[in-house]
Amino acid sequence: MALLGLFLPPTLFVVLADDTEVNSPATAGESKLSYTVGEKYTVVIPTTISLTDQAGADGKWGTGTANVTLKASDNALKIPSVYTLAVAITKDQTLKLTTTGDIDEGLAYTIKKDDSNGAAVSPDGNSFVSAPARTTADVTQTLSIESGAPKLAGNYTGILNFTVKVVPQDITIAGEPWRILSMDIDPNTEGNQALVIRVNSLTDTEMGLSTSTGARTKINFLSATATSGGLPAGTGEGKRSYYYFDSDGSNAYEDSGLAAGYGLKAAIDYYYTNYIATNESAVAKVNQVSLHNPTLGEWNAAHNLSWVYNDGWYDDYYKDTNFKTTLDADSGSKQAFALSYGDLNSIGLSSPEGNFLFPFSFWTRSPGLYHNTAGRCSGNDWEGGKFNHYFYLLDELNGLDEPNPPAFVRPALVYTIDNDAIINPISPIS
């Protein structure tokens, strides 16, 4: 049999941006200099992998190796400090080689790391080689390719596609992976106060809803004791009306914590108290924050609206940039919380390129489209930067499944990341 050839896309050079030159002031006197550090990197992928016919020699057929290299630029991989450069084999490819006259489905081949005894590399979109920002040396991964037994003599060829992405990183807090959304929400305060969200949604046990170890990943926004009877906030056992703003102007997120073990805030508070606050090393790095949950009057003023507690809608609810979480060492509190649209929009979720949250799906603490809804992030529903779904506050309680099923609970923290932190490449999320 002749050589087997696996043809790949040409060597891939990816450059995000060049460094911006620092120019000296043209005139005398004080002048502000601006210097932008560019993001750039290079990934080298071989154009062709030749598989050598070894039939009868060691029991193997076409075999060959190829190197994929992530090159450090100027002795440091220039991508944002919170990110990792990752290369994967494009998802859902058919790993088959074909030849002229072959009437079968093709010659299957396998890909493994390093050599034929290495870990399998699959066309699943998950990275097989990655490097965190500021890596100072090239990172190379050798791939071992081995074909099955051919039926015809000839040259077998195929196309193997790769994806190259800059992806966020995770950090472990109290034994769980958390996604870093912003490395530092307040550059004017010393240190890295990172905005992070838990990768895995809270379980039934972690929300205080059951002693079962089974994972409950969804919960209604308001307490199960909420009614549609127009009761004011805080009436008996956390009862209130089902509107986002109640008749006294109060905020539904705050009221969702009135009955312990029920509602979004109550579930998150339970998790924080029992799983974060009890972990000495974790709670020491949680920052005091203010959430700035709006009253009805503040919501209207921010958007020039005239909602009343039981009527109103706002088409651009998901564009809200107000009411974001801020550091507050004086009067804030250490807490876990649901993200607001102000938080999400402040970290650059204005284009599909910023869509590293998905396929996350979770409640936000912000008002939704209508007066009786709350906003969410909806997994796999990103459309041009729009959070295009909302949730009725009592969907789960009312037993509704479509079109507005109940949402997951994924708490956020503002967490100090220091030099001792172990930051890991992004983990798959389902």
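Visitor: What share of the 430 residues in the protein is buried, and what makes a residue count as buried?

Guide: Buried residues come to 45% of the 430. Buried means under 20% relative accessible area, exposed means over 50%, and partly exposed is in between (1.4 Å probe, protein chains only). This is a predicted model: local features need pLDDT of at least 70, side-chain atom pairs count only at pLDDT 80 or more, and totals for chains, interfaces and linings use all residues. Residues are numbered from 1 along each chain as its sequence is written, while side-chain values use heavy atoms and leave out hydrogens and water.

Visitor: Why is I347 called buried?

Guide: Its relative accessible area is 15%, and the cut-off is under 20%, so I347 counts as buried. I347 sits in the loop between α5 (341-346) and β17. Helices (H or I, at least four residues) and strands (E, at least two) are DSSP runs, numbered from the N terminus.

Visitor: What is I347 in contact with, leaving aside its neighbours within four places in sequence?

Guide: L181, S182 and L195. Contact here means heavy atoms within 4.5 Å. I347 and L181 are 166 residues apart along the chain, yet their C-alpha atoms are separated by 6.9 Å. For the whole protein, take the contacts between residues at least 6 apart in sequence: 68% of them join residues at least 24 apart.

Visitor: What makes H292 stand out in its phi?

Guide: H292 has a positive phi of about 55° and isn't a glycine. Most residues other than glycine have a negative phi. H292 belongs to the loop between β14 and α4. With a relative accessible area of 41%, between the 20% and 50% limits, H292 is therefore partly exposed.

Visitor: And N304, how do you know whether it is buried or exposed?

Guide: Its relative accessibility is 72%, over the 50% limit, so N304 counts as exposed. N304 has a positive phi too, near 55°, and lies in the loop between α4 and β15.

Visitor: Why is the F245 and W307 pair called edge-to-face?

Guide: Rings of Phe, Tyr and Trp (its six-membered ring) pair if their centres lie within 6.5 Å; planes under 30 degrees apart count as stacked, over 60 as edge-to-face and the rest as tilted. A search of the whole structure finds 13 aromatic pairs. In this one, the centres are 6.2 Å apart and the planes are at 70°, so both tests are met and edge-to-face is the label. The pair links distant parts of the chain, 62 residues apart: F245 is in the loop between β13 (218-219) and α1 (252-255), and W307 is in the loop between α4 (296-303) and β15. Both F245 and W307 are buried, and they belong to an aromatic cluster along with F221, Y244, W299, Y314, F323 and W363.

Visitor: How do you know that R410 lies over the face of F408?

Guide: A charge sits over a ring if NZ of Lys or CZ of Arg is within 6 Å of the ring centre and within 35 degrees of the ring normal. R410 is at 5.5 Å from the ring centre of F408, so the distance test is passed, and the pair is listed as lying over the face.

Visitor: What span does helix α2 have, set against the expected one?

Guide: α2 (residues 264-276) has 13 residues and reaches 17 Å from first C-alpha to last, close to the expected 18 Å. The expected span is 1.5 Å times one less than the number of residues. Among the buried residues of α2 are L264, A267, I268, Y271 and Y272.

Visitor: What makes β17 and β18 count as paired strands?

Guide: Two strands pair if DSSP finds at least two bridges between them. β17 (residues 362-367) and β18 have 3 bridges and run antiparallel, so the pairing holds. One bridge joins P367 to A374 in β18, and the two strands form a hairpin with 5 residues between them.

Visitor: Why is β18 called mostly covered?

Guide: In β18 (residues 373-377), 5 of its 5 residues are buried. T373, G375 and C377 are on one side, with A374 and R376 on the other.

Visitor: What makes β15 and β16 edge strands?

Guide: They belong to an open antiparallel sheet of 3 strands in the order β15-β14-β16. β15 (326-327) and β16 (333-334) each pair on one side only. β14 (residues 288-290) meets β15 over 2 bridges, which satisfies the at-least-two rule.
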